[in-house]
Amino acid sequence: MKYKDDFFDYITYEKKYSIHTVNNYKKVVLEYLEFLDKECIDIKDANNLVVRNYLRSLDKHNYSNKTLCLYISSLRSFYKYLLKNRVIKSNPMVLIKNPKLEKRVPKFLYYNELSSLFESIDTSTVLGIRDNLILEILYSTGVRVSELVSIKLSDINNFDKSITIFGKGKKSRIVLFGDTLESALNLYLNKSRNILIKTNTDILLLNKNGTPLTDRGVRLIISKIVEKASIKQNVSPHVLRHTFATHLLKEGADLKTVQELLGHATLSATEVYTHVTNEGLRKTYLDCHPRGRK
């Protein structure tokens, strides 16, 4: 099935989805095609009812609504591609809706926990200088880990202290940084990157072998920093993204600005952070107002 491999190439090289997303989409599409094969149904004949039957067949796995949304999203992209390339005449996913998701309050770090992370890094070493910059970029800009490892030297504008970020679906945005990140960046460029680099590359962050860092490499680095700082909760790069947004809102930033800095397509995606800040307001009210205390 050439269209299957063409679709995988499309989301990898044209859409430039992360490796994690590509692997998830591949898994779903291959499982779906296997289902069609068992049912002796050609992809061109698979209508809305067939898709619904497939989704019902997933009930035996007791998947969460979030996982089901991933399956639907993957198939939706797959069928849009097939329709665009005239493999099929109509899209059976049009009437398929996502199950409702519970709005979870995102995990974030308190100021003292964040300080512990930075203080645990030995910035007298080449790798320590790099690790400090990784942590600083994640917290100061709120970029995704996939965006972080893609930053090039040419994306950084030192004059106005900004970085051009290329996010999901090739969309670009500008993130800003202050004096602290500027210092960390200059230290890395002057005393770390020039020692690490082994091959000619414009990528900012390098591993110990002098080649570009990967998503997985960054996650391992963050895990080691967290372990050294003796922080009990699981801290991923995305938790630092949540922390960036939460701290901005707590300090008075408006929701629209935070949306633009995060690169969210809709304001509703950013509104989840208001639950965190509202909880803070509630606690302050209950602690301080005479009618709020028991």
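How many bridges pair β1 with β2, and in which sense do the two strands run? Keep that in mind while you get your bearings.

**Before you click**

You're looking at a predicted model, where local features need pLDDT of at least 70, side-chain atom pairs count only at pLDDT 80 or more, and totals for chains, interfaces and linings use all residues. Residues are numbered from 1 along each chain as its sequence is written, and side-chain values use heavy atoms, with hydrogens and water left out.

**The whole chain**

Show the protein chain as a cartoon: its secondary structure comes to 14 helices and 3 strands. Helices (H or I, at least four residues) and strands (E, at least two) are DSSP runs, numbered from the N terminus. Of the 294 residues, 41% are buried. Buried means under 20% relative accessible area, exposed over 50%, and partly exposed in between (1.4 Å probe, protein chains only).

**Stop one: the sheet**

Now select the 3 strands, which make an open sheet in the order β1-β2-β3 with antiparallel pairing. The edges are β1 and β3, each pairing on one side only. Two strands count as paired if DSSP finds at least two bridges between them. Back to the opening question: β1 and β2 are joined by 2 bridges, in the antiparallel sense. Pick Ile156 and look across to β2, where its bridge partner is Ile163.

Next, move to the other pairing, where 5 bridges link β2 (residues 162-166) to β3, again antiparallel. Click Thr164 and you'll find Ile174 of β3 standing opposite.

Stay with β3 (residues 172-176) and show its side chains. In a regular strand the side chains alternate between the two faces of the sheet. Here, Arg173 and Val175 are on the covered face, while Ser172, Ile174 and Leu176 are on the uncovered one.

**Stop two: helix α8**

Select residues 179-191. The 13 residues of α8 should span 18 Å at 1.5 Å a residue, and the end C-alpha atoms are indeed 18 Å apart. (The expected span is 1.5 Å times one less than the number of residues.)

Which residues of α8 are buried? Colour Leu181, Ala184, Leu185 and Tyr188 to see them. They cover an arc of only 100 degrees around the axis, which puts them on the same side of α8; the arc is that of the directions from the helix axis to the C-beta atoms. On the face turned away from the buried side, look for the exposed residues Asp179, Asn190 and Lys191. To see what covers the buried residues, add α6 (126-141), β1 (156-157) and α9 (193-196), which are included in that cover.

**Stop three: the aromatic rings**

The whole structure holds 12 aromatic pairs. Rings of Phe, Tyr and Trp (its six-membered ring) pair if their centres lie within 6.5 Å; planes under 30 degrees apart count as stacked, over 60 as edge-to-face and the rest as tilted.

Start with Phe7 and Tyr81, a tilted pair at 5.6 Å centre to centre and 55 degrees between the planes. Phe7 sits in α1 (residues 2-14) and Tyr81 in α4 (residues 65-84), so the pair ties together parts 74 residues apart in sequence. Phe7 is buried, with a relative accessible area of 0%, and Tyr81 is buried too, at 11%.

Now swap Phe7 for Tyr10: the rings of Tyr10 and Tyr81 have centres 5.0 Å apart and planes at 35 degrees, so this pair is tilted. Tyr10 lies in α1 and Tyr81 in α4, so the pair ties together parts 71 residues apart in sequence.

To finish, select Tyr3, Phe7, Phe8, Tyr10, Tyr32, Phe35, Tyr54, Phe78, Tyr79 and Tyr81, which form one aromatic cluster.

Note on methods: Contact means heavy atoms within 4.5 Å.
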